Amino acid sequence: MARFGPALARMARGYEADPDLRRDLEQDMQVALWRSFANFDGRCSLSTWVWRVAHNRATSHMLAHRRRNARGWMSIEDVDLATDAPSPFDATESDRAMALILSIIDRLDPPDRQILLLYLEGIASAEIGEVTGVSPDSVTTKIHRFKTMLTRRFAPGGAV
């Protein structure tokens, strides 16, 4: 947990906005890792296994939450940034900028969310593809689209 604990906390933050539910999700991910550790057979790297188990648990959490709240997720291509959101140039603290990024990610459907959260953790496209079951080319394309969207959003004037 020392190696992956902070990353799991960030991942939980990406999946759950409510602080109480986020703590529950983080704890659930840790429990899922402990329970399934006996099944780790070394066919993939330890980090790939950790991300896969954590994302599976987070996805289950989201699906349960979705059933409860019937929230409308959208694909990355359909994200419409609010024009009344504060410009990132007005947001001088990095926490505010990260909150904006996480609010965008929070609106994505689970596969896109998984890809972007793993990307933000510095995981390579090939490993993201292994964890999510998406081809590395598709992972690269989705990351490129997300970066392009953020570049437009964070451009002077906050266009889009």
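Two rings of Phe, Tyr or Trp, the last taken by its six-membered ring, are called an aromatic pair if their centres lie within 6.5 Å. By this criterion the structure shown here, which is a predicted model, holds 4 aromatic pairs.

**Figure 1. Close-up of the aromatic cluster formed by Phe 37, Phe 40 and Trp 49.** Phe 37 and Phe 40 make a stacked pair, with 6.4 Å from centre to centre and 20 degrees between the ring planes. Phe 37 also pairs with Trp 49, and here the arrangement is edge-to-face, at 5.6 Å centre to centre and with 65 degrees between the planes. Because Phe 37 belongs to the loop between α2 (19-36) and α3 (46-69) while Trp 49 belongs to helix α3, this second pair ties together parts that are 12 residues apart in sequence. The members of the cluster can also be described by their accessibility: Phe 37 is partly exposed at 45% relative accessibility, Phe 40 is partly exposed at 25%, and Trp 49 is buried, with a relative accessible area of 10%. Trp 49 counts as buried because its value is under 20%, the cut-off used for that class.

**Figure 2. Overview of the helical chain, as a setting for the remaining views.** The protein chain has 7 helices and 0 strands, and, read along the sequence, its elements follow the pattern α-α-α-α-α-α-α. Of the 160 residues of the chain, 40% count as buried. When contacts between residues at least 6 apart in sequence are considered, 67% of them join residues at least 24 apart.

**Figure 3. Close-up of the largest nonpolar core, with Met 29 as one of its residues with the most contacts.** This core has 37 residues, and those with the most contacts inside it are Met 11, Met 29 and Phe 146. Two or more residues each come from α1 (5-15), α2, α3, α4, α5, α6 (125-132) and α7 (136-154), and α3 gives the most, with 7 residues. In soluble globular proteins, nonpolar side chains tend to be buried together. Leaving aside residues up to four places away in sequence, Met 29 touches Leu 8, Met 11, Ala 12, Ala 54, Arg 57 and Ala 58.

**Figure 4. Close-up of the contact between helices α1 and α5.** Two packed helices are described by the angle between their axes and the distance between the axes. The axes of α1 and α5 come within 10 Å and cross at roughly 145 degrees, and the crossing in which α1 passes α5 is right-handed. On the side of α1 the contact is made by Met 11, Gly 14 and Tyr 15, and on the side of α5 by Pro 110, Arg 113, Gln 114, Leu 117 and Leu 118. These residues divide into 5 nonpolar, 2 polar and 1 charged.

**Figure 5. Close-up of helix α5 and the residues that flank it.** Helix α5 is mostly covered, since 8 of its 11 residues are buried, namely Pro 110, Asp 112, Arg 113, Gln 114, Ile 115, Leu 116, Leu 117 and Leu 118. Asp 109 is placed in the loop between α4 (94-106) and α5 (110-120), and this residue is partly exposed, with a relative accessible area of 21%. The C-alpha atom of Asp 109 is separated by 9.7 Å from that of Met 62, although the two residues are 47 residues apart along the chain. Just after α5, Gly 122 takes a positive phi of about 85 degrees.

**Figure 6. Close-up of two residues of helix α3, Thr 59 and His 61.** Thr 59 is buried, with a relative accessible area of 16%, and, apart from residues up to four places away in sequence, Thr 59 touches Tyr 15, Pro 110 and Gln 114. Of these partners, Tyr 15 is among the α1 residues that make the contact with α5, while Pro 110 and Gln 114 are among the α5 residues of that contact. His 61 also counts as buried, at 8% relative accessibility. With residues up to four places away in sequence again not counted, His 61 touches Glu 16, Leu 21 and Leu 25.

Notes. Residues numbered from 1 in each chain as written. Predicted model: local features only at pLDDT ≥ 70, side-chain atom pairs only at ≥ 80, totals over all residues. Heavy atoms only, no water. Phe/Tyr/Trp six-rings, centres within 6.5 Å; stacked < 30°, edge-to-face > 60°. Buried < 20%, exposed > 50% of the residue type's maximum accessible area, 1.4 Å probe, protein only. Helix = DSSP H or I, 4+ residues; strand = E, 2+ residues; numbered from the N terminus. Core = buried A, V, L, I, M, F, W, Y, C linked by side-chain atoms within 4.5 Å. Contact = heavy atoms within 4.5 Å. Axes fitted to C-alpha atoms, helices over the stretch in contact; angles between N-to-C directions. Left-handed = near helix turned anticlockwise from the far one by under 90°. Nonpolar A, V, L, I, M, F, W, Y, C, P; charged D, E, K, R; others polar.
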